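Q: Please take a close look at a single part of this model. Start from strand pairing, and go on to the spaces that a grid search would report.

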Amino acid sequence: MPGSAEPRVPTTRRYLMCEPRFFAVDYVINPWMDPTQPVSADVAVAQWTELRDTYRRLGHTVEEIEPQPGLPDMVFAANSGTVVDGRVLGSRFRAPQRTAEAEHFRRWFVEHGYRDLTMPEQVNEAEGDFAWTGRLLLAGTGFRTDPAAHAEAQEVLGVPVVSLRLVDPRYYHLDTALFVLAEATDVNTAQIAYYPEAFSPGSRRVLARLFPDAVIATAADAECFGLNGVSDGRNVVLPREATELADRLAARGYDPVHVDISELRKAGGGPKCCTLEIRK
């Protein structure tokens, strides 16, 4: 029943990450970025390293792509590809400051043997706006990814897509307002956590219909990027400030794992932004 704790089973994951060696906030492409505020690449690297090591302690595989000078947001690897059943849909960024990232990630996939790879024609910021539930792909639009990219993703990846409209510019990507806690299996439905106020009224109704047992986040949890979490089905990696969300997850049988992403948040990113999942 909703709210009850259930046995949760983690599954090992494979992630691709990029060290924030050249991290900076030199421009503004989301409401969280303020170039007048001090930023430390060293602190960002330390926080990122702890996030990477946390995944490894949980039993997951983390691969790394080499960061490139002049691309301070390359750390946010989730925006650079969507991988489902080994099929890769690359990215096409809306902001010109990030355009070059897509080619570096494309090369990484090619060099690591991924032949079923398509680069999109539509603006598509990958897992920033795409969330795989195990049965269907939730797809965000409103600020970054074009609505037409949803149909392109369905055609390329061969999975059903559900479009959701974001309406709050602070939550400019789907992964800042929603994440998948447990993917659907043959016996269980998917479970998600989300912040309803980030979505249009129609999208809220869609989410309530598809996921009546969802974990609902508070405004405070959304504002600290609590919805930018990463779950393996039991362990849920969250910003340390997302305390109420952690309590709600624990009540459902999940194990919250807190990390400090305060420096990375200055560029509008959190755990999920740094984490591209490779699903074979």
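A: Thr 141 stands opposite Arg 165 in β8. The model is a predicted one, in which local features need pLDDT of at least 70 and side-chain atom pairs count only at pLDDT 80 or more, while totals for chains, interfaces and linings use all residues. Residues are numbered from 1 along each chain as its sequence is written, and side-chain values use heavy atoms, with hydrogens and water left out.

The facing residues belong to a parallel pairing of strand β7 (residues 137-141) with strand β8 (residues 161-165), which runs over five bridges. Two strands count as paired if DSSP finds at least two bridges between them; strands (E, at least two residues) and helices (H or I, at least four) are DSSP runs, numbered from the N terminus. Within this pairing, Ala 139 stands opposite Ser 163 of β8. Helix α3 (residues 148-157) joins the two strands in a right-handed β-α-β unit. Right-handed here means that, with the strands pointing away from the viewer, the path from the first strand over the helix to the second runs clockwise.

β7 and β8 also belong to an open sheet of three strands, with the order β6-β7-β8 and mixed pairing. Each of the edge strands, β6 and β8, has a single partner, so one side of each is left without a neighbour in the sheet. From one strand to the next the twist averages 20°; axes are lines fitted to C-alpha atoms, for helices over the stretch in contact, and angles run from 0 to 180 degrees between N-to-C directions.

β6 leads on to the enclosed spaces. The whole structure holds three cavities of 30 Å³ or more, the largest with about 250 Å³ of space. It has 23 lining residues, and Phe 179, Val 180, Lys 272, Glu 277 and Arg 279 are the closest to its centre. Two or more residues of this lining come from each of β6 (130-132), β9 (178-182) and β12. β9 gives the largest share, five residues. By class, the lining has eleven nonpolar, four polar and eight charged residues.

These terms rest on a 1 Å grid over the protein atoms alone: a cavity is a set of points where a 1.4 Å probe fits but cannot get out, a pocket is an open set with protein on both sides within 12 Å along at least five of seven lines, and lining residues have an atom within 4 Å of a point. Grid points are joined across faces, edges and corners, and a volume is the space filled by probe spheres set on the points. Ala, Val, Leu, Ile, Met, Phe, Trp, Tyr, Cys and Pro count as nonpolar, Asp, Glu, Lys and Arg as charged, and the others, Gly among them, as polar.

β9 is mostly covered, with five of its five residues buried; buried means under 20% relative accessible area, exposed over 50%, and partly exposed in between, with a 1.4 Å probe and protein chains only. Strand β10 (residues 191-194) runs antiparallel to β9, joined by four bridges, and Ala 182 stands opposite Gln 191 in β10.

Ala 182 also appears at the largest pocket: of the 24 lining residues, Ala 182, Glu 183, Thr 185, Asn 188 and Thr 189 lie nearest the centre. This pocket holds about 520 Å³ of space, and its lining divides into twelve nonpolar, six polar and six charged residues.

Glu 183 is also one of the residues lining the second largest pocket, which include Trp 132, Glu 277 and Arg 279. About 160 Å³ of space lies there, and the lining has three nonpolar, one polar and seven charged residues.

β12, the remaining strand named for the largest cavity, belongs to an open sheet of three strands in the order β12-β13-β14, with mixed pairing. β12 (230-231) and β14 (255-259) are the edge strands, each with a single partner, so one side of each is left without a neighbour in the sheet. β12 runs antiparallel to strand β13 (residues 235-239) over two bridges, and Val 230 stands opposite Val 237 in β13.

As for the second largest cavity, about 70 Å³ of space lies in it. Its lining includes Ile 29, Asp 73, Arg 98, Arg 144, His 173 and Cys 273, and divides into five nonpolar, four polar and three charged residues.
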